[in-house]
Amino acid sequence: MTKLVITIPGLVLASPNTKRFTTRVGAAMETRRVRNIRQCVKLHCMAALKRRKATPSKIIVRRLSVGRLDDGNLANAFKPAEDGIADALGVNDKCFVWFGDRDGIPFVPMQEKCKRGAHGVVIELHFAEAA
């Protein structure tokens with residue numbers, strides 16, 4: 001199994017579960033933030049994949065941050081990154097499986113603590129060996 005590791009330093013995957021997003025201006029800022037994360041992840045993945053046509057057999061995404069999110073907020077925080085990866089691979093994000101309850105590509109969200117200012121995202125794409 002080959003592994004492709006994509007590191008995006010400085011990218012923040014944060015949960016929108018705060019009061020600042022309840023106003024109209026806050027909602028517009030959140031929409032822009034989500035769109036920017038999705039595009040950033042897509043461009044980094046496309047640059048790393050280049051001409052590789054294979055679909056990964058497993059995807060691990062690690063959020064590097066000082067704080068930790070609970071499971072519900074973690075799912076919300078990873079959604080734009082999940083969409084960006086799906087865009088780069090040219091697949092529908094419905095094929096990603098979080099909990100193994102159906103067939104598809106396993107998508108494993110993780111989080112790790114890091115020093116202040118060293119936040120970012122690490123994406124691991126695992127490819128099965130061609131037979």
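**Exercise 1. The N-terminal residue**

Does methionine 1 count as buried, partly exposed or exposed, and what is its relative accessibility?

*Solution.* The model is predicted, so local features need pLDDT of at least 70 and side-chain atom pairs count only at pLDDT 80 or more, while totals for chains, interfaces and linings use all residues. Residues are numbered from 1 along each chain as its sequence is written, and side-chain values use heavy atoms, with hydrogens and water left out.

Step 1. Fix the classes: buried means under 20% relative accessible area, exposed over 50%, and partly exposed in between (1.4 Å probe, protein chains only).

Step 2. Methionine 1 has 63% relative accessibility and therefore counts as exposed.

Step 3. Locate the residue: methionine 1 belongs to the segment before β1. Helices (H or I, at least four residues) and strands (E, at least two) are DSSP runs, numbered from the N terminus.

Step 4. List its partners. With residues up to four places away in sequence not counted, methionine 1 touches Ser57, His126, Phe127 and Glu129; contact means heavy atoms within 4.5 Å. The C-alpha atoms of methionine 1 and glutamate 129 are 5.3 Å apart, although 128 residues separate the two along the chain.

**Exercise 2. Overall fold**

State the secondary-structure pattern of the chain and the order of the strands in its sheet.

*Solution.* Step 1. Two helices and five strands make up the list of elements, and along the sequence they follow β-α-β-α-β-β-β.

Step 2. The five strands form an open sheet of mixed pairing in the order β1-β5-β2-β4-β3. Its edge strands, each paired on one side only, are β1 (2-9) and β3 (96-97). Two strands pair if DSSP finds at least two bridges between them.

Step 3. Assign the sense of each pairing:

- β1 and β5 are antiparallel, with eight bridges; isoleucine 6 stands opposite isoleucine 123 in β5.
- β2 and β5 are antiparallel, with seven bridges.
- β2 (residues 58-65) and β4 (residues 105-113) are parallel, with seven bridges; serine 65 has lysine 113 as its bridge partner in β4.
- β3 and β4 are parallel, with two bridges; phenylalanine 96 stands opposite isoleucine 105 in β4.

Step 4. Leucine 64 illustrates pairing to two strands: its bridge partner is glutamate 112 in β4 and glycine 120 in β5.

Step 5. Consider the chain totals. Of its 131 residues, 38% count as buried. Among contacts between residues at least 6 apart in sequence, 80% join residues at least 24 apart. The accessible surface comes to about 8100 Å², of which 54% belongs to carbon and sulfur atoms; such areas come from the Shrake-Rupley method with a 1.4 Å probe, and for residues only the protein chains shown count as cover.

**Exercise 3. Burial of strand β5**

Why is strand β5 described as largely enclosed by the rest of the structure?

*Solution.* Step 1. Eight of the eight residues of β5 (residues 120-127) are buried, so the strand is largely enclosed.

Step 2. Separate the two directions. Gly120, Val122, Glu124 and His126 point one way, Val121, Ile123, Leu125 and Phe127 point the other way, and all are buried. In a regular strand the side chains alternate between the two faces of the sheet.

Step 3. Take valine 122, in strand β5, as an example. Its relative accessible area is 7%, so valine 122 is buried. Beyond its neighbours within four places in sequence, valine 122 is in contact with Val5, Ile6, Thr7, Ile60, Val61, Arg62 and Leu64. Its C-alpha atom lies 5.1 Å from that of arginine 62, across a sequence separation of 60 residues.

**Exercise 4. The largest pocket**

Which residues line the largest pocket, and how do they divide by class?

*Solution.* Step 1. Define the object: on a 1 Å grid over the protein atoms alone, a pocket is an open set of points where a 1.4 Å probe fits, with protein on both sides within 12 Å along at least five of seven lines, and lining residues have an atom within 4 Å of a point.

Step 2. The lining consists of Met46, Leu49, Lys50, Arg51, Arg52, Lys53, Ala54, Thr55, Ala88, Leu89 and Val91. The elements giving two or more residues to this lining are α1 (24-49) and α2 (71-89).

Step 3. Six lining residues are nonpolar, one is polar and four are charged. Ala, Val, Leu, Ile, Met, Phe, Trp, Tyr, Cys and Pro count as nonpolar, Asp, Glu, Lys and Arg as charged, and the others, Gly among them, as polar.
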